[in-house]
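Hi,

Here is the structure I said I would pass on. Have a look at it first, and my notes follow underneath.

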Amino acid sequence: MHALQNKAARWLWPGVLIQQLRPFMTGNYSPEQRLWQAVIVQAMVDLAGKARSVESKLTPAQLVELEQDAVDWFREAGPDYQDVCANARWESKKLTSFARRLEQRDDDAIDTLLRLRSHLLHRGALSEKGLEI
């Protein structure tokens, strides 16, 4: 378990999600919480413009719309965003900060996101098509 935590720490952009993700990486979340975490990660994938790498059936216009919807969701941080974060047991303010980095195409943040996505896929929390539930 300690080795897994160290591996997770190397993956994560310093100071952003490490405290929230460490318990996830070690399995301290319920299936329902993992589902909500997957929803957040999918929104981050969309925000980072990486949806095209997991869903090739979308048109370029649909991908742009998907990305803009994710930008709006994170920027507004409305009641449903707050509910999803609470259901995932992840801090909304830290996620919003991380989302800003993704929106700015920060390479470290995108690398962290893609590693998290890969971890979720290998844990069986998501389908093989990507982050679709």
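Let me start with one residue: Q33 counts as buried, because its relative accessibility is 16% and the cut-off for buried is under 20%. Keep in mind that this is a predicted model. Q33 sits in helix 3. If you skip the neighbours within four places in sequence, Q33 is in contact with N87, A88 and R89.

Two of those partners lead straight to a helix pair. N87 and A88 belong to the helix 6 side of a contact with helix 3, together with V84 and C85. On the helix 3 side, the residues are Q33, W36, Q37, V39 and I40. By class, that contact between helix 3 and helix 6 has six nonpolar residues, three polar ones and no charged ones.

As for the geometry, two packed helices are described by the angle between their axes and the distance between the axes. Helix 3 covers residues 31–47 and helix 6 covers residues 79–88. Their axes come within 7 Å and cross at roughly 135°. Angles over 145 degrees would count as roughly antiparallel, and 65 to 115 as roughly perpendicular, so helix 3 and helix 6 are oblique to each other. The crossing of helix 3 past helix 6 is left-handed.

Stepping back to the whole chain: the secondary structure comes to eight helices and zero strands. Read from the N terminus, the order of elements is α-α-α-α-α-α-α-α. The protein chain has 133 residues, and 45% of them count as buried. Looking at contacts with a separation of 6 or more, 62% are between residues 24 or more positions apart.

Now the charged pairs. Side chains of opposite charge can pair when their charged atoms come close. The count here comes to four salt bridges, and I'll go through some of them.

R105 pairs with E67, with 2.5 Å between the closest N and O atoms. R105 is in the loop between helix 7 (92–103) and helix 8 (107–122), while E67 is in helix 5 (residues 60–76), so this salt bridge ties together parts that are 38 residues apart in sequence. How do the two ends differ in accessibility? R105 has a relative accessible area of 35% and is partly exposed, whereas E67, at 18%, counts as buried.

D106 and R101 also meet through their side chains in a salt bridge, at 2.5 Å from N to O. D106 is buried, with a relative accessible area of 15%. R101, at 28% relative accessibility, counts as partly exposed.

Then there is R115 with D111, a salt bridge at 2.9 Å from N to O. What separates R115 and D111 along helix 8? They are four residues apart in that helix, so about one helical turn lies between them. R115 is partly exposed, with a relative accessible area of 36%, and D111 is partly exposed too, with a value of 36%.

If you want somewhere to begin in the viewer, I'd go to Q33 and its contacts with N87, A88 and R89, then move on to R105 and E67.

Cheers

Technical notes. Residues are numbered from 1 along each chain as its sequence is written. This is a predicted model: local features need pLDDT of at least 70, side-chain atom pairs count only at pLDDT 80 or more; totals for chains, interfaces and linings use all residues. Side-chain values use heavy atoms; hydrogens and water are left out. Axes are lines fitted to C-alpha atoms, for helices over the stretch in contact, and angles run from 0 to 180 degrees between N-to-C directions. Helices (H or I, at least four residues) and strands (E, at least two) are DSSP runs, numbered from the N terminus. Angles under 35 degrees count as roughly parallel, over 145 as roughly antiparallel, 65 to 115 as roughly perpendicular and the rest as oblique. A crossing is left-handed if the near helix is turned anticlockwise from the far one by less than a right angle, and right-handed if clockwise. Contact means heavy atoms within 4.5 Å. Ala, Val, Leu, Ile, Met, Phe, Trp, Tyr, Cys and Pro count as nonpolar, Asp, Glu, Lys and Arg as charged, and the others, Gly among them, as polar. Buried means under 20% relative accessible area, exposed over 50%, partly exposed in between (1.4 Å probe, protein chains only).
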